[in-house]
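Got the viewer open? Here is a walk through this model, one selection at a time.

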Protein chains: 2
Amino acid sequence: MRFELTLLGTNSALPAFGRFPSSQALNVQENHYLIDCGEGAQIRMSEFGVRRSRIRQVFISHLHGDHVYGLTGFLSSLALLGREEPMEIYSPPGLEEAIRVFLKHTGGLSFPLRFIEIDTGRHQLIFEDGIIEAYSLPLVHRVPTSGFLFREKERPRNMRPEKIEAYHIPYRDIPAIKSGADYVLPNGRRVPNEELTLPPPAPRSYAYCSDTAFHEPLASMARGVNLLYHESTFCEDLREQAPLTGHSTARQAAEIARLAGAGKLILGHYSSRYKSLETFLREAREVFPNTELGLDGKVFEVPLEREI
Amino acid sequence: MRFELTLLGTNSALPAFGRFPSSQALNVQENHYLIDCGEGAQIRMSEFGVRRSRIRQVFISHLHGDHVYGLTGFLSSLALLGREEPMEIYSPPGLEEAIRVFLKHTGGLSFPLRFIEIDTGRHQLIFEDGIIEAYSLPLVHRVPTSGFLFREKERPRNMRPEKIEAYHIPYRDIPAIKSGADYVLPNGRRVPNEELTLPPPAPRSYAYCSDTAFHEPLASMARGVNLLYHESTFCEDLREQAPLTGHSTARQAAEIARLAGAGKLILGHYSSRYKSLETFLREAREVFPNTELGLDGKVFEVPLEREI
């Protein structure tokens, strides 16, 4: 029952110091989602063992090149590998024309693309499958930009096996009880659901916030998230410059994590003017101790509260 | 007086085993030219110390993604670095629309682009500056494709310093003599140019042939070239498949090198079905001993025949 984030690229616009531009892969119970797709993302997938053929949805935060220039290569490689299954691409408007015109000249794909435009001004449900829901997170950048909140769907409650035996509950009644129903015994006595079941483990969640200036409403949209990736393009030495370019400092990222009550903060999208990342980590941890540096190839897991 | 080729990517369409898709940088006397621009080319440039800001011409062989998907990222990064100087892009038709539409959505550039379309059916001069001439090489692939032959311009002849002294030749007459003129002494005697000068070192040359099926006319177009890069997508085990896909085997690449009388053959554009490259090298060397494997990051130099 995996919930696992793999960082494919963690630098900002200029790739530098072995750090590729933004891209991440999220694996929730073997359902695979791609988040942004900077240049070289497919190369990183093969280096880091991400099963690219399993990806069915791509979520693009905005149309700056360092978040999207790897997309044509990723799609073309899937076609070379014989993919037939459609690919859904969620992004701000404009991406469809860019990709389709490019592919028109460089050769078509073996599978259909479906583009879904995001309203970057609204926080709303944009996607769901049997496993997760994905929400847009309006960000404050120089072009229309959306972060993403991924949350596992609520699971059914867990039956307590000893109660099945004690009350001789037939198999056909179990789905209703797991959904929250009480059970009525043959003698008419009602056994309350709370006695028969345990609550399911809490749904796990991940919020991706890049690129954005410090934007306090994000904290409430990402309230209680297990993992928070928040861009930290700059350290405090460039705090003045950060909002002018639509970016944040590591300390501001930590401030959002603290206000949101996040489980863990991951930093990333470092300006290529910084070779060493120690200052990012130190400044963020002063505000939010459970911060880690995002680095290409690093994997972050959220375990279930308990086995189910 | 450098003539130096750096391989940025040497795999075919699917990047694999640490090999990036096709891209190369040629440095002739500190003039820098980019040849193809597969995904990740800019990342390789920074890894291998190629001075990307010095590049003024890009030569694109054809519009398959593995030769061109790094171009938007490369150009955008130059813009981020503040470039103002124009960039010239030589390619088969179609690239301009693809790049301009993509850039329209992902943000403009700080410098002008100039696209020059190549007639992929003709072997002709397509570019010259003060240092080199570049010729198109018609290739046989599934889409319009051109290789490139880069050749240093003829240098002026070298004065023999002892003759300047012996004949008291004034400084103002030297340029004409270096261009081939005889010198007439005050007494009317004519000193033939051959006595006054030495021939310049031979112009150095490099031919890039990718992607192509075996195509014998290439050998005469690249006659006597110092360095020949010829694609070798397959080994002999797939010799039948090679022409069907518009590609060559290593042995066929070697055959072209042998017929052309090339100085050295560089292999590349390996299919990702081959992890080890030993068979490529062995099969090519049976036909053309001075063959080397192209590998990402490898640098090939052509020294001048002698110092000038």
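What follows is a list of stops, each with something to select and a note on what is there. Bear in mind throughout that the model is predicted.

**Stop 1: chain A as a whole**

Select chain A and color it by secondary structure: there are 10 helices and 18 strands. Along its principal axes, the C-alpha trace spans about 75 × 50 × 35 Å. Chain A has 308 residues, and 47% of them are buried. If you draw the contacts in chain A with a separation of 6 or more, you'll find that residues 24 or more positions apart account for 64% of them.

**Stop 2: both chains and the axis**

Now bring chain B back. How is chain B superposed on chain A? A rotation of 180° does it, with 0.0 Å of shift along the axis and an RMSD of 0.1 Å. The two copies are therefore related as by a two-fold rotation axis. To find that axis by eye, select G40(B): of the residues of chain B, G40(B) comes closest to the axis, its C-alpha being 2.7 Å away.

**Stop 3: where the chains touch**

Select the residues at the contact between the chains: 30 residues of chain B are in contact with 30 residues of chain A. On the chain B side, the elements giving two or more residues are α1 (41–48), α2 (71–80) and α3 (95–106). Which of the elements gives the most? That is α3(B), with 7 residues. Color this side of chain B by class and you get 14 nonpolar, 14 polar and 2 charged residues. Because 100% of the interface residues of chain B are also interface residues in chain A, the copies meet through the same surface.

**Stop 4: helix α1 of chain B**

Stay with α1(B) for a moment. Its buried residues are A41(B), Q42(B), I43(B), R44(B) and M45(B). Show the surroundings too: what covers these buried residues includes β1 (3–9), β2 (23–28), β3 (31–37) and α2 of chain B. Then step just past the helix to G49(B), which follows α1(B) and has a positive phi, near 75°.

**Stop 5: a β-α-β unit, in each chain**

Next, select β5(B), α3(B) and β6(B), which make a right-handed β-α-β unit. The two strands, β5 (residues 87–91) and β6 (residues 113–117) of chain B, run parallel and are joined by 5 bridges. Look across the pair from E88(B) and you'll see R114(B) opposite, in β6(B).

Is R114(B) buried or exposed? With 11 C-beta neighbours inside 10 Å, R114(B) counts as exposed. Setting aside residues up to four places away in sequence, R114(B) touches P86(B) and E88(B). For a long distance to draw, try R114(B) to L196(B): they sit 82 residues apart along the chain, and their C-alpha atoms are separated by 44 Å.

Over in chain A, β5(A), helix α3 (residues 95–106) and β6(A) also make a right-handed β-α-β unit. There β5(A) and β6(A) run parallel with 5 bridges between them, and I89(A) has F115(A) as its bridge partner.

**Stop 6: strand β9 of chain A**

Select residues 146–152 of chain A, which form strand β9; 6 of its 7 residues are buried. Strand β8 (residues 132–138) runs antiparallel to β9(A), with 7 bridges joining them. β9(A) also runs antiparallel to strand β14 (residues 205–209) of chain A, here with 4 bridges. F148(A) makes a handy anchor: F148(A) is the bridge partner of S136(A), and F148(A) also stands opposite Y208(A) in β14(A).

**Stop 7: a loop in chain B**

Go to P203(B), in the loop between β13 (197–198) and β14 (205–209) of chain B. P203(B) has 16 other C-beta atoms within 10 Å, so it is partly exposed. Beyond its neighbours within four places in sequence, P203(B) is in contact with R151(B), E152(B), K153(B) and E154(B). Draw the C-alpha to C-alpha line to K153(B): the two residues are 50 apart in sequence and 6.2 Å apart in space.

**Stop 8: the nonpolar core**

Finish inside. In soluble globular proteins, nonpolar side chains tend to be buried together. Here the largest nonpolar core has 145 residues, and those with the most contacts inside it are L228(A), L265(A), L228(B) and L265(B). Center on L265(B) and show its contacts more than four places away in sequence: among them are L228(B), H230(B), A257(B), F288(B) and T291(B).

How values were computed:
Residues are numbered from 1 along each chain as its sequence is written. Chains are lettered from A and ligands numbered from 1 in the order in which they are written. This is a predicted model: local features need pLDDT of at least 70, side-chain atom pairs count only at pLDDT 80 or more; totals for chains, interfaces and linings use all residues. Two residues are in contact if their C-beta atoms, placed from the backbone, lie within 7 Å. Ala, Val, Leu, Ile, Met, Phe, Trp, Tyr, Cys and Pro count as nonpolar, Asp, Glu, Lys and Arg as charged, and the others, Gly among them, as polar. Two strands pair if DSSP finds at least two bridges between them. A crossover is right-handed if, with the strands pointing away from the viewer, the path from the first strand over the helix to the second runs clockwise. Copies are superposed by least squares on the C-alpha atoms of residues with pLDDT of at least 70 in both. A nonpolar core is a set of buried Ala, Val, Leu, Ile, Met, Phe, Trp, Tyr and Cys residues joined through C-beta atoms within 7 Å. A residue is buried if 20 or more other C-beta atoms lie within 10 Å of its own, exposed if 12 or fewer, and partly exposed in between; C-beta atoms are placed from the backbone.
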